[in-house]
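Grab a viewer and work through these exercises at your own pace. Each one has a task and then a solution in steps.

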Amino acid sequence: MLARPRRIAYNLYHIMTVLYRNRTFISIQKIFAAFAADTLFHEGYHFHIYERVLSVRMKYQVNVYWNKGAVRDANQDSLVVLQAMTSQGRVLMAAVCDGMGGMDRGELASGYLTEELITWFYDGLLKAVGQKKPLWVLRRSAERKLFQVQQRMQRYAENHSLEMGTTMSMLVLWEKRYLLWHLGDSRIYRLSTRKKKAISLLTKDHVQGKNRLTKCVGSFGFFQPDFRMGAAGNREAFLLCSDGFWHEMSAEELGEILAPEGMSEERCDRRLREIGEAAIRRGEQDNLSAVYIRMQKQIEQSGD
């Protein structure tokens, strides 16, 4: 039976020590989850002392924007960001899922998928990274999880005589690599400091006509997600967003406003909010959600 998503806020910080495959290392997670619900905050801190060893790692600055908009009664978008430091480097997963508003229980579809992606992060992604599995194993692992989620959604919909679905745009960063999986019309942009290619769209909208989705995760059978991978560099950024966030904004506007050079957390929070407000003024009626991830090198003290 498909469980209703727990009410979790988009701010949840957890720093902890993990014993994994008989090797102890520091796992640092910064989690954002928004499940079209009320807020609940929790903090936990656990520290362990290690020998200090200098190493160069990638650091991820994360900003989140989540707004139900000016018209909708509820936010059917769900999003999540998790990151962990492993013995193989820092790993981050981010996803934006937009529940299909024209159908039944869009917030349930997006929230359930997001919860299952959280489970995959811990039980699938981190396990594969710790075992030094090749990237194709990560790809297949995520696709198996999506197939399982789709099958459960379909059974739930059949048992309750309803239709349900959600988009999904998911990004995994592992040091200097990125992998993405995509279904629907949420988007993933890549932003660069290079003037000739300040912003590029990494995903393709699965839409027919104006609003009809041709691919999603839901009660309509399994769709193979688009997959893409590549190298990610220092001071680049990625923007994941639902269609409500990008509909009224051109790519050039997004690239100019969210250029990664000198982008602090405070400035990014302000600019994401300004984009959302501008989209609403221009007539956007949907929910608006976005995750911004900026990459930068960092000299760290880690333990053997």
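The exercises below deal with a predicted model, and they go from the whole chain to single residues.

**Exercise 1: The overall picture**

Task: How many helices and strands does the protein chain have, and what percentage of its residues is buried?

Solution. Start with the secondary structure: the protein chain has five helices and 17 strands. Next, check burial over the 304 residues, where 52% come out as buried. Finally, look at the contacts with a separation of 6 or more: 76% of them join residues 24 or more positions apart.

**Exercise 2: Two helices packing**

Task: Work out how helix H1 and helix H2 are oriented to each other, and which residues make up their contact.

Solution. Step one is the geometry. The axes of H1 (residues 106–130) and H2 (residues 135–160) come within 10 Å, with a crossing angle of roughly 150°. Step two is the label: angles over 145 degrees count as roughly antiparallel, and H1 and H2 therefore fall into that class. Step three is the hand, and H1 passes H2 in a right-handed crossing.

Now for the residues. On the H1 side the contact includes Leu-108, Tyr-112, Leu-113, Trp-120 and Gly-124, and on the H2 side Leu-138, Ser-141, Leu-146, Val-149 and Tyr-156 are among those that meet H1. Sorted by class, the contact of H1 with H2 has 15 nonpolar, three polar and three charged residues.

Zoom in on Ser-141, which is found in H2. Ser-141 counts as buried because its relative accessibility is 13%, and the cut-off for buried is under 20%. If you skip neighbours within four places in sequence, Ser-141 is in contact with Trp-120 and Gly-124.

**Exercise 3: Two positive phi values**

Task: Is Lys-132 buried or exposed, and is Glu-175 buried or exposed?

Solution. Take Lys-132 to begin with. Lys-132 sits in the loop between H1 and H2, and its phi is positive, at about 60°, although the residue is not a glycine. With a relative accessible area of 59%, Lys-132 is exposed.

Then move to Glu-175, in the loop between strand E8 (168–174) and strand E9 (177–183). Glu-175 is another residue other than glycine with a positive phi, in this case near 55°. Its relative accessible area is 12%, so Glu-175 is buried.

**Exercise 4: The strands around Glu-175**

Task: Which strands pair with E9, and how many of the residues of E9 are buried?

Solution. Begin with E8: E8 and E9 pair in the antiparallel sense over seven bridges. Val-172 has Leu-179 in E9 as its bridge partner. E8 and E9 form a hairpin with two residues between them, and Glu-175 is in the turn.

Now find the other partner. E9 also pairs with strand E15 (residues 226–231), in the antiparallel sense and over six bridges. Here the bridge partner of Arg-177 is Ala-231 in E15. As for burial, six of the seven residues of E9 are buried, so E9 is largely enclosed by the rest of the structure.

**Exercise 5: A strand covered on both faces**

Task: Which residues of strand E10 lie on one side and which on the other, and which strands pair with E10?

Solution. A bit of background comes in handy: side chains in a regular strand alternate between the two faces of the sheet. In E10, Arg-187, Tyr-189 and Leu-191 are on one side, while Ile-188 and Arg-190 are on the other. Both faces are covered, and five of the five residues of E10 (residues 187–191) are buried.

For the pairing, E10 and strand E16 (residues 237–241) are antiparallel over five bridges, with Arg-187 opposite Cys-241. E10 and strand E11 (residues 199–201) are antiparallel as well, over three bridges, and Arg-190 has Ser-200 in E11 as its bridge partner.

**Exercise 6: Far in sequence, but what about space?**

Task: What C-alpha separations do you get for Arg-273 and Val-64, and for Asp-269 and Val-62?

Solution. Locate the helix residues: Arg-273 is in helix H5 (residues 265–281), and Asp-269 is in H5 too. Arg-273 and Val-64 are 209 residues apart along the chain, and their C-alpha atoms are separated by 9.5 Å. Asp-269 and Val-62 are 207 residues apart in sequence and 9.6 Å apart in space, C-alpha to C-alpha.

To finish, check exposure. Arg-273 counts as partly exposed at 40% relative accessibility, and Asp-269 is partly exposed with a relative accessible area of 35%.

Key
Residues numbered from 1 in each chain as written. Predicted model: local features only at pLDDT ≥ 70, side-chain atom pairs only at ≥ 80, totals over all residues. Heavy atoms only, no water. Axes fitted to C-alpha atoms, helices over the stretch in contact; angles between N-to-C directions. Helix = DSSP H or I, 4+ residues; strand = E, 2+ residues; numbered from the N terminus. Parallel < 35°, antiparallel > 145°, perpendicular 65-115°, else oblique. Left-handed = near helix turned anticlockwise from the far one by under 90°. Contact = heavy atoms within 4.5 Å. Nonpolar A, V, L, I, M, F, W, Y, C, P; charged D, E, K, R; others polar. Buried < 20%, exposed > 50% of the residue type's maximum accessible area, 1.4 Å probe, protein only. Pairing = 2+ DSSP bridges.
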